[in-house]
Amino acid sequence: MRRNTLPGGIRPTTALLVPACLLLLWCWLGLLPLRWQNSYLAGPDAPLQRACRAAARGRWEPAARLFEDAGQDWERRSLYAQRLGYLAARRSDRWLKAWEEARPEDPDAALVVARTRVLSAWKLRGKARAHSTSQSQFEGFHRELLASQDDIGRALALRPDDPTPLVAEIWRALGLGYPNREMHALWSEITARAPHHFEAHSSALQYWTAKWRGSKRLAREFAEKSAAGAPPGSLLAVLPLIAWYENHADETGDAGFRSQQVRVLVDTALADAALADPDHPRLPEVRHLLAYFLYRQGRYRAAREQFRQVDGFTEALLWRYSFVKPLYYRAVRTKTGRKALTERQPC
């Protein structure tokens with residue numbers, strides 16, 4: 001009797017077993033296929049994901065409810081403004097204009113408008129270094145950043161206690177080249193409202209890097225001072241790790257990553273992350289960073305544990321520095337999963 005086969009001579013039972021085996025393999029490694037990756041968020045946040053999907057379809061009400069529910073949780077408001085602003089800048093802002101029309105004096109809508117304007121400016125500039133950025137790109141970049149001053153001022157006037165509009169201004173300061181004294185004044189305003197705000201600190205650290213408005217020393221000192229003065233679980237212990245990467249980004253090889261100095265920085269950040277509120281909106285970003293450093297240090301099982309908690313999402317350092325973010329993430333994550341299977345347990 002002739003056996004049933006599929007085109008290519010594959011038996012039906014074999015065709016069913018192949019995807020089943022792949023699924024079991026992914027479950028064993030604890031990681032997801034690339035096609036399931038979300039390139040707009042760093043980790044799961046069901047209300048934010050629903051609001052983004054609704055905004056993509058032109059509905060602003062779920063976004064408004066997000067901010068109402070966040071109240072004075074400045075970290076969460078900052079994340080929502082950043083991600084919804086990114087959506088409006090990259091795709092369509094029709095939903096945001098409808099929100100403004102429906103609620104002209106809504107501080108939440110004004111906040112997203114301000115963040116969108118700043119993010120639109122950075123979109124015009126692009127990711128390339130200065131020597132690879134055209135004059136027209138720079139002109140559009142500076143024009144939008146200059147125009148964002150009114151939007152930031154309006155958002156702040158509508159809710160003066162909220163540091164989130166000032167976090168957007170950090171990126172304006174970075175792009176327009178605020179002198180250090182103006183940055184110090186801006187920083188005083190932010191820390192008076194939220195002394196340990198994660199996004200504010202990680203954004204300000206970029207200002208103080210050598211590639212922007214500071215130096216290797218200033219970036220390191222800012223990160224160390226911020227981490228030293230922060231309460232446990234604030235996630236600010238990761239700042240010296242970010243500063244180290246920014247100061248050594250052009251170096252090749254794993255030797256620096258595996259030095260005792262960097263290992264201590266990683267372990268300190270791991271301990272701080274373990275003390276953080278599991279619902280901290282920026283914890284997924286820290287997990288991505290820790291996963292990368294642990295991978296570079298050959299600590300594959302520890303890296304895999306971080307990847308498992310954020311897999312399915314790729315919008316975080318250091319992936320966003322790559323022009324092929326999802327592919328870079330997949331390469332590192334997949335190698336981590338494979339190496340973790342054969343890594344020796346410490347004695």
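**Close-up 1. E189 and R193 share helix α9.** In this predicted model, E189 and R193 both sit in helix α9, which covers residues 180–193, and they are four residues apart, about one turn of the helix. An α-helix has 3.6 residues a turn, so residues three or four places apart point the same way. Here the two side chains form a salt bridge, with 3.8 Å between the closest N and O atoms. How much of each partner is left accessible? E189 has 37% relative accessibility, so it counts as partly exposed. R193 is partly exposed too, because its relative accessible area is 26%. The whole model has 25 salt bridges by the rule used here, and a few others turn up in the next views.

**Close-up 2. D254 and R296 make a salt bridge.** The closest N and O atoms of this pair are 2.6 Å apart. Where do the two partners come from? They link distant parts of the chain: D254 belongs to the loop between α12 and α13 (260–275), R296 belongs to helix α14 (residues 283–296), and 42 residues separate them. D254 has a relative accessible area of 31%, so it counts as partly exposed. R296, at 15%, is buried, because buried means under 20% relative accessible area.

**Close-up 3. E315 and K325 pair up, and a network includes them.** Look for the salt bridge between E315 and K325, where the closest N and O atoms are 2.7 Å apart. E315 is in the loop between α15 and α16 while K325 is in helix α16, so this pair ties together parts that are ten residues apart in sequence. Are these two charged residues buried or exposed? Both E315 and K325 are buried. Which residues belong to the network here? R83, E315, R320 and K325 are joined into one network by salt bridges that share partners.

**Close-up 4. Helix α15 has a buried face.** In α15, residues 300–310, the buried residues are Y300, A303, R304, Q306, F307 and V310. Why do they count as lining one face? If you look down the axis of α15, its buried residues fall within an arc of 165 degrees, so they line one face of the helix. After α15 comes G312, and its phi is positive, near 110 degrees.

**Close-up 5. A cis peptide bond joins L317 to L318.** The peptide bond from L317 to L318 is cis, and its omega is near 5 degrees. To find L318, go to the loop between α15 and α16 (325–340). Y321 is found in the loop between α15 and α16 as well. Y321 counts as partly exposed because its relative accessibility is 34%. What lies across from Y321 in space? One residue to compare is A128: the C-alpha atoms of Y321 and A128 are separated by 9.9 Å, although the two are 193 residues apart along the chain.

**Close-up 6. F323, V324 and L327 form a nonpolar patch on the surface.** Together these three residues have about 320 Å² of accessible area. L327 has its place in helix α16. With a relative accessibility of 44%, L327 counts as partly exposed.

**Close-up 7. Five arginines gather in a patch of positive charge on the surface.** The members are R50, R53, R57, R59 and R65. Where is R57? R57 lies in the loop between α2 (46–56) and α3 (61–70). R57 counts as exposed because its relative accessibility is 56%, and the cut-off for exposed is over 50%.

**Close-up 8. L235 has a positive phi.** For L235, a residue other than glycine, phi is positive, near 75 degrees. L235 is in the loop between α11 (216–228) and α12 (239–248). Is L235 buried or exposed? L235 is buried, because its relative accessible area is 1%.

**Close-up 9. L111 in helix α6 and R77.** L111 is part of helix α6, which runs over residues 107–125. L111 has a relative accessible area of 2%, so it is buried. How far is L111 from R77? From C-alpha to C-alpha, L111 and R77 are 9.3 Å apart in space, and they are 34 residues apart in sequence.

Technical notes. Residues numbered from 1 in each chain as written. Predicted model: local features only at pLDDT ≥ 70, side-chain atom pairs only at ≥ 80, totals over all residues. Heavy atoms only, no water. Patch = residues over 30% accessible without salt bridge, like charges linked within 9 Å, V, L, I, M, F, W, Y side chains within 5 Å. Areas by Shrake-Rupley, 256 points an atom, 1.4 Å probe, with all protein chains shown as cover. Salt bridge = Lys/Arg side-chain N within 4 Å of Asp/Glu carboxyl O. Lys, Arg positive; Asp, Glu negative; His and termini not counted. Charge placed at Lys NZ, Arg CZ, Asp CG, Glu CD. Helix = DSSP H or I, 4+ residues; strand = E, 2+ residues; numbered from the N terminus. Buried < 20%, exposed > 50% of the residue type's maximum accessible area, 1.4 Å probe, protein only. Arc of directions from axis to C-beta.
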